[in-house]
Amino acid sequence: MPMRVTADDVARAAGVSRAMVSRAFTPGASISMRKREHVHSVAQRLGYRPNLIARGLTGQRTGLIAVVVGEISRPYEAWLLEHLVKALSTQGYQPLLLAVQGGSLTEMLDHALAYQVDGAIVAAGLVSREIADRCRASGAPLVLIGRVLEKSATDAVCCDNKEGMRLLAARLAGQGRRRLAWLGGTLDTFSDQERGRALEASLADHGVTLLTRRRGDFSQASGVIEGGRLLDAGLGLDGIICANDAMALGVLDAAAQRGIKVPDDLAVTGFDDVPGAALGRCPLTTVRNPVSETAHAALELLKARLQTPGRATQVVRVGVTLVERTSA
């Protein structure tokens, strides 16, 4: 079996010190771009790969960033993950992907911390202050996406849910829609709570009150099921407002199965503007939740926290826009 190529081997072949090799593979380290590229080129030719775990044990930065996401089979989660990985890789970091599918968020973060990650970006689950404190105690800063943790020194990026629902309410009220239902997502999720409260307040500004509410789990399948139940309730609904695009696409399927014309008889709206929202038999009216801006904002917060651990907590609210299509 061939011997593993070491940093010393790279240093000799590249004509540099071992410390220079270490800096070349450390994001943000002081080294010229030309020198970094030279070391990387030699390392690639020799087949060298840095031992990030060993580097973490010595107290050095590993360049590993834990990325914790939820159901990556869902459109928004997959879309966000794509942009997060791209943003991290562009900045020289290596994402360590952990999906909370069947396991708890605490278990996932403990697993990530065992790899000596430099930090964590979490876009899934209910993050408690205890979890955030555990990350800080390990020296790995935490950035949340899609959730603001009140009364906690935890940086976060979240879209302007309130403005998004205001735009949707104004759109539907302007069309004369008065018999409206809300299809929310998983109980106790931050986005569902903010969007639900903002919707009711915005509709009230137009003198409209929701007729009924149901709850799915943010999946398209739940949109078909729960949307069908709303349509079969005999309420004469003229609009269903959904907490995300996946459920809204499911409601469109449920309406088509029942021969209900969208938007003539029923308006359907979503939230996020995932790539599939513009496709299909009835392109979806929705709110654009910009994932590229979200991913870059999360990375900037993480980098700032790594550079200045004691800086003030920052919450970035990413702007949203209404995307008007056929469904409403």
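Helices (H or I, at least four residues) and strands (E, at least two) are DSSP runs, numbered from the N terminus. The model shown in every view is predicted.

**Figure 1. Overview of the protein chain, with its 12 helices and 12 strands.** Of the 328 residues, 51% count as buried. Among contacts between residues at least 6 apart in sequence, 70% join residues at least 24 apart. The count of aromatic pairs comes to 0.

**Figure 2. Close-up of the loop between helix H11 (245-257) and strand E9, with Pro263.** Pro263 belongs to this loop. The peptide bond that leads from Val262 into Pro263 is cis, and its omega is near 10°. E9 itself covers residues 267-269 and pairs with E8 in the parallel sense over 3 bridges. Within that pairing, Gly239 has Ala267 of E9 as its bridge partner.

**Figure 3. Close-up of strand E8 and its parallel neighbours E6 and E9.** Both faces of E8 are covered. Gly239 and Ile241 are buried on one side, while Ile240 and Cys242 are buried on the other. Four residues of E8 are thus placed in view together with the strand E6, to which E8 is joined by 4 bridges in the parallel sense. Trp182 stands opposite Ile241 of E8. The pairing of E8 with E9 is also parallel and comprises 3 bridges.

**Figure 4. Close-up of the loop between E9 and strand E10 (286-288), with Asp272 and Asp273.** Asp272 has a phi near 130°, a positive value in a residue other than glycine. Asp273 likewise is not a glycine, yet its phi is positive, at about 60°. Asp272 counts as buried because its relative accessibility is 5%, under the 20% limit. Asp273 counts as buried because its relative accessibility is 7%.

**Figure 5. Close-up of helix H9 (residues 190-205) and its surroundings.** H9 has 16 residues, which should span 22 Å at 1.5 Å a residue; the C-alpha atoms at its ends lie 23 Å apart, in agreement with that expectation. The buried residues of H9 are Phe190, Ser191, Asp192, Glu194, Arg195, Gly196, Ala198, Leu199, Ser202 and Leu203. These buried residues pack against helix H8 (161-174) and against strands including E5 (155-159), E6 (180-184) and E7 (212-215). Strands E8 (239-242) and E11 (315-318) also pack against them. Arg195, one of the buried residues, places its charged end over the ring of Phe271, 3.8 Å from the ring centre. Just after H9, Gly207 adopts a positive phi of about 70°.

**Figure 6. Close-up of helix H8 and the glycine that follows, Gly176.** H8 consists of 14 residues and reaches 20 Å from its first C-alpha to its last, close to the 20 Å expected at 1.5 Å a residue. Its buried residues are Asn161, Gly164, Met165, Leu167, Leu168, Ala169, Leu172 and Ala173. Just after the helix, Gly176 takes a positive phi of about 80°.

**Figure 7. Close-up of helix H12 (residues 291-307), with Thr294.** The 17 residues of H12 reach 24 Å from the first C-alpha to the last, close to the 24 Å expected at 1.5 Å a residue. Buried in H12 are Val291, Thr294, Ala295, Ala297, Ala298, Leu299, Leu301, Leu302, Arg305 and Leu306. The elements that cover these buried residues include E1, helix H5 (75-90), E3, strand E4 (142-145), E5 and E11. Thr294 counts as buried because its relative accessibility is 3%. Its side chain reaches the backbone oxygen of Pro290 at 2.8 Å. Apart from residues up to four places away in sequence, Thr294 touches Leu80, Ile145, Val157, Asn289 and Val318.

**Figure 8. Close-up of strand E1 (residues 64-69) beside strand E3 (residues 119-123).** E1 is mostly covered, with 6 of its 6 residues buried. One side carries Leu64, Ala66 and Val68, and the other carries Ile65, Val67 and Val69. E1 and E3 run parallel and are joined by 5 bridges. Ile65 has Gly119 of E3 as its bridge partner.

**Figure 9. Close-up of Gln44 in helix H3 (residues 33-46).** Gln44 counts as exposed because its relative accessibility is 63%, over the 50% limit. Its C-alpha atom is separated by 9.4 Å from that of Val10, and the two residues are 34 residues apart along the chain.

Key:
Residues are numbered from 1 along each chain as its sequence is written. Side-chain values use heavy atoms; hydrogens and water are left out. The expected span of a helix is 1.5 Å times one less than its number of residues. Buried means under 20% relative accessible area, exposed over 50%, partly exposed in between (1.4 Å probe, protein chains only). Contact means heavy atoms within 4.5 Å. Two strands pair if DSSP finds at least two bridges between them. A polar contact is a pair of N or O atoms within 3.5 Å; within protein, one must be able to donate a hydrogen and the other to accept it, and residues adjacent in sequence count only if both atoms are side-chain atoms. Rings of Phe, Tyr and Trp (its six-membered ring) pair if their centres lie within 6.5 Å; planes under 30 degrees apart count as stacked, over 60 as edge-to-face and the rest as tilted. A charge sits over a ring if NZ of Lys or CZ of Arg is within 6 Å of the ring centre and within 35 degrees of the ring normal.
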